[in-house]
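Student: I would like a close look at one part of this model. Please take me through it step by step, and then show me what else is worth seeing.

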Amino acid sequence: MSEALITVEKLDKIFGARWALRSVSFTVHQGEIVALVGPNGAGKTTLLRIIGTLSRANAGRIHIGKIPIAEHANSARAAIGFVGHQTFMYDDLTAWENLNFYARLYDLPNIPRRIHEVAGRVGIEPRLNDVTRTLSRGLQQRLTIARMLLHNPAVLLLDEPYTGLDQVAADLLDQIMAEAKHEGRAILFSTHDLERGLAICDRAIIMKAGRIVHDLPRGAWQNLAGFMQIYARVLENPT
Amino acid sequence: MKFLRQVYAIVQKDLAAELRTKENLSAMLVFSLLVLVIFNFAFELQGVDITVLGSGVLWVAFTFSGILGLGRSFAAEKDKGSLEGVLLSPVDRGAMFLGKAISNWLFITVMEAVTLPLFAVLNNVAIPWFPLVPYIVMGTIGFAAMGTLLSAVASSTKMREVMLPILLFPVSIPLLMAAVKLTSGALQGREFADISNWFNILIVYDVIFLVVAFWTFEYVVEE
Amino acid sequence: MLRTSDRWLDLLGLATLILIVSGLYMAFMYAQTEVNMGLVYRIFFFHFGSIAAGMVAVLVVGIASIGYLRTGARAWDRVAEASAEIGVVFSTIGLITGSIWARPIWGAWWTWDPRLTTFLIMWLIYIAYLMLRASARDDPRVARFAAVFGIVGVINIPIVIMSARIWRGISPVLFQQTAEQQFTFGLTPEMFQTLVVCIVAHLVLFAWLLAHRTRLEALRDELVALRRARAR
């Protein structure tokens with residue numbers, strides 16, 4: 001039985017009087033890729049941000065491996081890689097300088113070699129000395145993915161990572177996630193691109209209005225059309 | 001030590017980013033120069049004993065321009081989410097504060113280093129480099145520390161940067177009183193014993209608020 | 001569920017009423033008219049009371065802010081907010097009455113004497129605190145922002161007191177009387193008694209208002225909690 005790397009128990013998140021997450025619970029194990037899908041406002045981004053320690057829940061517990069986030073946030077952070085809606089990059093610095101900066105924050109050894117490794121992995125090595133502002137959206141997204149991989153995190157969280165990626169880059173991301181799975185990492189990502197997302201995931205979690213409606217292993221749907229049926233029923237259901 | 005390495009990384013990053021565009025620095029420099037010039041007309045500083053009034057003019061230029069720089073430093077971080085990028089990492093929040101405060105202090109000091117000679121030239125006054133420079137440095141330390149903490153707060157409010165002067169000035173008043181008195185004391189060539197009270201206030205302020213800002217920064221910067 | 005008032009709060013309110021009525025009577029009837037200043041001096045009974053309340057309020061904001069940062073308990077935040085709101089009112093009254101009192105005595109609406117200067121700065125810190133709360137109202141972090149600023153503001157006050165004294169060439173030792181602060185007239189026993197009663201009346205009024213305002217906020221919190229439970 002592979003170890004549970006992300007354990008979420010009864011997570012609540014409230015904004016004022018509006019519930020963003022209601023008693024959300026699930027687990028992601030080593031070597032699992034879980035896709036998070038749902039309509040806008042379902043709480044996917046909120047959930048990912050809370051697991052990524054950027055935000056705090058109102059109730060519930062999260063463990064990264066055996067580390068509880070609430071008490072040992074910094075230890076958890078060392079094991080989490082995050083790709084969000086924003087690039088986290090400093091526009092006026094070069095790609096190299098950005099990666100160098102973050103590598104130093106994570107206190108990594110042998111930084112130049114590591115930067116070349118991740119830059120090579122995402123295919124931005126030729127542009128390392130270009131100022132980030134001059135990179136296209138797709139290249140900046142690759143840079144953000146490189147940043148995520150820098151410190152070799154056991155857990156990868158990606159919030160709509162395919163946004164802005166061309167076909168080639170999207171295929172590259174698929175490859176990276178497959179490799180990460182093979183290396184025993186836990187991957188949780190949200191997406192609106194159902195075709196791509198379902199193609200690589202081991203499980204799909206459907207969220208709506210802050211709740212998990214379905215947590216389906218791969219066998220539960222035959223093909224994309226089959227999944228779309230399940231998904232459509234969730235959307236129609238008035239609750 | 002990892003802590004110091006992280007502080008250094010943050011300072012270096014801020015310096016590198018600023019040196020590339022020099023936007024913030026040039027805005028601060030132009031603004032402080034404008035303040036010096038405008039004060040000349042607003043207060044008819046020609047016949048006046050500049051060693052008495054000049055200190056106030058100088059510190060108004062320093063603080064108004066400083067607030068400009070402080071406000072922009074956090075606004076820039078929020079823009080591309082780079083502040084969150086840093087928060088994602090296991091960096092000590094106190095190290096975040098120190099790094100930011102040091103780079104803010106550096107930028108304000110550079111602005112002061114240009115403004116002071118300009119002030120001397122425009123008003124035909126001799127600058128006693130020692131002890132004036134140490135006084136200015138010490139005053140700037142307290143201002144940068146408070147300014148870093150409060151600009152983190154201000155940039156998260158609806159009013160954004162406009163909130164910063166409202167928050168920073170009331171709580172900097174003792175610092176400014178001491179800095180102005182020490183500066184005019186230096187300009188007038190007074191004995192240290194005369195103004196030693198103010199020196200003590202400055203030290204007390206710097207120490208207390210550096211510590212307070214260091215400890216409370218994490219409450220302000222995390223969600 | 002909270003009620004809007006209870007027995008102890010009502011008792012406190014009664015005590016407040018008695019003290020206020022007594023204070024008013026004593027200030028206008030009991031204490032003799034002062035020889036030099038005439039009727040106007042009576043305002044200083046209310047001036048001192050307001051100042052005392054304003055300073056206690058600041059202390060409460062400071063303590064509540066520290067309490068909130070250490071425990072994260074919403075109750076501390078309610079107290080801090082309430083104390084700041086009430087404190088600013090007392091401080092405004094203190095400043096205005098101080099100004100009214102200063103006019104016939106020193107011939108000016110305002111002097112930069114240490115006490116008034118300190119008080120003005122304290123008032124500015126209150127205003128900044130309340131503006132911060134207003135501007136960050138919808139942010140879940142507002143309580144933390146306010147607590148941090150509250151601590152910064154309150155720690156400033158002793159330093160301001162010392163600085164204001166040095167600025168006027170007076171010894172900065174905290175609890176020493178300055179020539180300006182000593183009454184420029186002699187106090188009769190009746191005046192002293194009146195002063196004490198008035199100060200106590202202001203402080204008890206502050207406590208009563210604080211209790212009610214915190215309770216109001218607690219009721220609001222209950223309402224929000226009910227709404228949340230229903231929407232879940």
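In which helix of chain B does B:Phe41 lie?

Tutor: Keep in mind that this is a predicted model. B:Phe41 lies in helix α2 of chain B. Is this residue buried or exposed? B:Phe41 counts as exposed, because its relative accessibility is 66% and the cut-off for exposed is over 50%.

Now look at its neighbours on the surface. B:Phe41 helps to make a nonpolar surface patch of about 500 Å². The other members are B:Leu33, B:Val37, B:Val114, B:Leu118 and B:Leu122. Two helices of chain B, α2 (23-43) and α5 (93-123), each supply at least two residues of this patch.

Stay in chain B for one more detail. The peptide bond from B:Phe130 to B:Pro131 is cis, and its omega is near 10 degrees. B:Pro131 belongs to helix α6 of chain B, which covers residues 129-154.

For a contrast with an exposed residue, go to chain A. Find strand β3, residues 33-37. This strand is mostly covered, with five of its five residues buried. A:Ile33, A:Ala35 and A:Val37 point one way from β3(A). A:Val34 and A:Leu36 point the other way. Both groups are buried.

What does β3(A) pair with? One partner is β8 of chain A, residues 186-190, joined to β3(A) in the parallel sense over four bridges. Follow two of the matched positions. A:Ile33 has A:Ile187 as its bridge partner in β8(A). A:Leu36 has A:Ser190 as its bridge partner there. Another partner is β9 of chain A, residues 203-208, which runs parallel to β3(A) and is joined to it by four bridges. In that pairing, A:Val34 stands opposite A:Arg203. Strands of a sheet pair through backbone hydrogen bonds, either parallel or antiparallel.

Step back to the whole sheet. Six strands of chain A form an open sheet in the order β6-β7-β8-β3-β9-β10, with mixed pairing. Its edge strands are β6 (80-83) and β10 (211-217), and each of them pairs on one side only. From one strand to the next, the twist averages 15 degrees.

Helices lie against this sheet too. Helix α6 of chain A, residues 167-182, packs on the sheet and touches β3, β7 and β8. Its direction makes about 145 degrees with that of β8(A). Helix α5 of chain A, residues 137-149, lies across β6 and β7 (155-159). This helix runs at about 170 degrees to β6(A).

Next, check two backbone angles in chain A. A:Ala209 is not a glycine, yet its phi is positive, at about 50 degrees. A:Ala209 sits in the loop between β9 and β10. A:Ala209 is partly exposed, since its relative accessible area is 35%. A:Ser23 is not a glycine either, and its phi is also positive, at about 50 degrees. A:Ser23 has its place in strand β2, residues 18-29. At 37% relative accessibility, A:Ser23 counts as partly exposed.

Finish with A:Glu97. A:Glu97 lies in helix α3 of chain A, residues 95-105. A:Glu97 is partly exposed, because its relative accessible area is 24%. Its C-alpha atom is separated by 28 Å from that of A:Thr45, and the two residues are 52 apart along the chain.

Note on methods: Residues are numbered from 1 along each chain as its sequence is written. Chains are lettered from A and ligands numbered from 1 in the order in which they are written. This is a predicted model: local features need pLDDT of at least 70, side-chain atom pairs count only at pLDDT 80 or more; totals for chains, interfaces and linings use all residues. Side-chain values use heavy atoms; hydrogens and water are left out. Buried means under 20% relative accessible area, exposed over 50%, partly exposed in between (1.4 Å probe, protein chains only). Two strands pair if DSSP finds at least two bridges between them. Patches are made of residues with over 30% relative accessible area and no salt bridge: like charges are joined within 9 Å, nonpolar side chains (Val, Leu, Ile, Met, Phe, Trp, Tyr) within 5 Å. Accessible areas come from the Shrake-Rupley method with a 1.4 Å probe; for residues, only the protein chains shown count as cover. A salt bridge is a side-chain nitrogen of Lys or Arg within 4 Å of a carboxyl oxygen of Asp or Glu. Axes are lines fitted to C-alpha atoms, for helices over the stretch in contact, and angles run from 0 to 180 degrees between N-to-C directions. Contact means heavy atoms within 4.5 Å.
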